[in-house]
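Q: Please take a close look at the place where the two chains meet, and describe in a connected way how the pairing there is built.

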Protein chains: 2
Amino acid sequence: MHFTSEQRLDDGVLERTFTLGDIPGILWTPPSASASAPVPLVLLGHPPLGLNKMYPRLADRARHSAAEGLATATIELPGSGDRPRLPSVDRARAAMRRALEAGEPVGDEIIDALVLPLVDLAVPEWQAALDALLSLPGIGGPVGYSGGMISIGVRLASAEPRLAAAVLFAGSFIPRATFEEARRVTTPLHVLLQWDDAGNDRQAALDLFDAFGSEEKSLHAHMGGHTGVPRSAGAAAVRFFTRHLK
Amino acid sequence: MHFTSEQRLDDGVLERTFTLGDIPGILWTPPSASASAPVPLVLLGHPPLGLNKMYPRLADRARHSAAEGLATATIELPGSGDRPRLPSVDRARAAMRRALEAGEPVGDEIIDALVLPLVDLAVPEWQAALDALLSLPGIGGPVGYSGGMISIGVRLASAEPRLAAAVLFAGSFIPRATFEEARRVTTPLHVLLQWDDAGNDRQAALDLFDAFGSEEKSLHAHMGGHTGVPRSAGAAAVRFFTRHLK
């Protein structure tokens with residue numbers, strides 16, 4: 001892990017960009033974090049739109065978490081931003097768009113080809129980032145995962161014992177395999193669903209929530225469309241992490 | 001409205017019992033409430049188990065709301081506590097128990113006979129209580145409704161324009177008529193559902209949430225069985241009221 005830039009934001013949060021091998025990432029730490037007072041860490045997932053495009057939303061959430069004494073880190077997804085394209089995923093994305101434009105359902109084969117390669121590639125990268133981040137002075141634990149591409153969150157929660165809590169956004173296509181993995185998840189979960197997200201399969205999201213093996217899980221559904229998660233819901237997600245990570 | 005007792009609780013909350021005609025009730029006001037600084041009011045609903053039995057849970061919730069500057073009032077339901085029994089509702093309750101003990105579904109006729117008479121009787125009583133409460137010095141508005149027997153909350157939200165927000169607990173039988181009334185509700189809603197409540201019809205609760213006409217509505221589902229609503233969910237409900245009533 002190699003830091004490539006550093007700036008102190010107006011609220012005292014330290015924002016550092018880094019590379020992990022050839023993967024770019026960003027780390028935000030609260031002013032209170034120090035080697036003698038390490039803070040918990042939230043891994044901040046996101047849809048495959050590229051870190052540059054996602055930056056305002058991610059930084060906003062990281063600063064809210066920092067106000068509660070949590071560090072936040074994110075990394076570029078495989079095939080996104082300036083990273084090498086993934087031709088098979090690009091082909092699946094094109095097939096998905098053709099289906100949507102034709103008003104046809106997006107079939108399981110397309111969903112599998114669109115999501116599963118990203119999950120297979122991204123999860124070991126998140127785990128490598130976690131190794132590197134936890135070795136930094138000022139970053140302690142426990143660790144949470146928050147974010148979209150719900151299949152990545154499910155795989156990470158089922159595979160990574162260091163994850164103590166996860167906030168998952170049920171707003172993307174869900175491959176069949178993800179339902180099976182969900183049964184093995186025991187991590188405390190806070191699942192967000194936009195009830196009136198026209199492009200999302202609401203019943204699949206409810207079925208996935210039901211499938212999770214976690215004893216502690218909550219589903220918070222709101223109105224406002226795909227990107228209209230209300231501010232109060234963001235604050236509730238931070239409180240969930242505060243309860244579980246502090 | 002006639003006050004029958006008054007005590008100051010250890011956190012400074014003023015608890016007064018009252019009668020409204022022959023209906024007993026309780027009013028909790030925060031220490032800050034005064035004629036020159038009137039506070040918002042939450043009407044606190046409950047299942048038909050009698051105020052005496054429900055008192056610990058109701059007082060706990062009222063004190064949490066008082067800490068946020070909200071007054072809380074509740075009244076005895078028709079047929080509960082020391083009020084005259086409602087023989088037709090008692091017969092429906094016996095029929096419901098027989099069905100449950102026999103492992104049979106509780107039919108719509110039983111549900112209608114169990115719930116609708118209570119809704120028809122209780123809602124005008126809540127409205128009369130609201131008239132009396134809003135005329136007290138120290139009680140201003142806006143007004144919220146919180147509680148179980150979801151059909152009472154739905155009727156009140158659809159019929160009572162003074163209601164600015166409602167927290168509804170989706171944990172009881174839902175008559176078919178309630179779904180129709182739900183479409184006419186436009187009040188901001190915060191709906192609580194216990195996901196693993198074995199005695200509750202989860203799909204009916206989800207359908208009812210979907211039916212509400214409110215532009216702002218949220219569904220918070222948790223684990224823990226019928227009575228196991230987590231503390232964090234209670235705090236979130238108070239925050240919902242704080243956003244809408246203050």
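A: Strand β9 (residues 217-222) of chain A is joined to β9(B) by 4 bridges, and the two strands run antiparallel; strands, numbered like helices from the N terminus, are DSSP runs (E, at least two residues, against H or I and at least four for helices), and two of them pair if DSSP finds at least two bridges between them. Within this pairing, A:His220 stands opposite B:His220 in β9(B). The model is predicted, with local features needing pLDDT of at least 70 and side-chain atom pairs counting only at pLDDT 80 or more, while totals for chains, interfaces and linings use all residues. Residues are numbered from 1 along each chain as its sequence is written, and chains are lettered from A and ligands numbered from 1 in the order in which they are written.

Around the strands, 13 residues of chain B are in contact with 13 residues of chain A, contact meaning that the C-beta atoms, placed from the backbone, lie within 7 Å. On the side of chain B that touches chain A, the elements giving two or more residues are β9 (217-222) and α7 (231-245) of chain B, and the largest share, 6 residues, comes from β9(B). By class, that side of chain B has 5 nonpolar, 4 polar and 4 charged residues, where Ala, Val, Leu, Ile, Met, Phe, Trp, Tyr, Cys and Pro count as nonpolar, Asp, Glu, Lys and Arg as charged, and the others, Gly among them, as polar.

Key. Contact = placed C-beta atoms within 7 Å.
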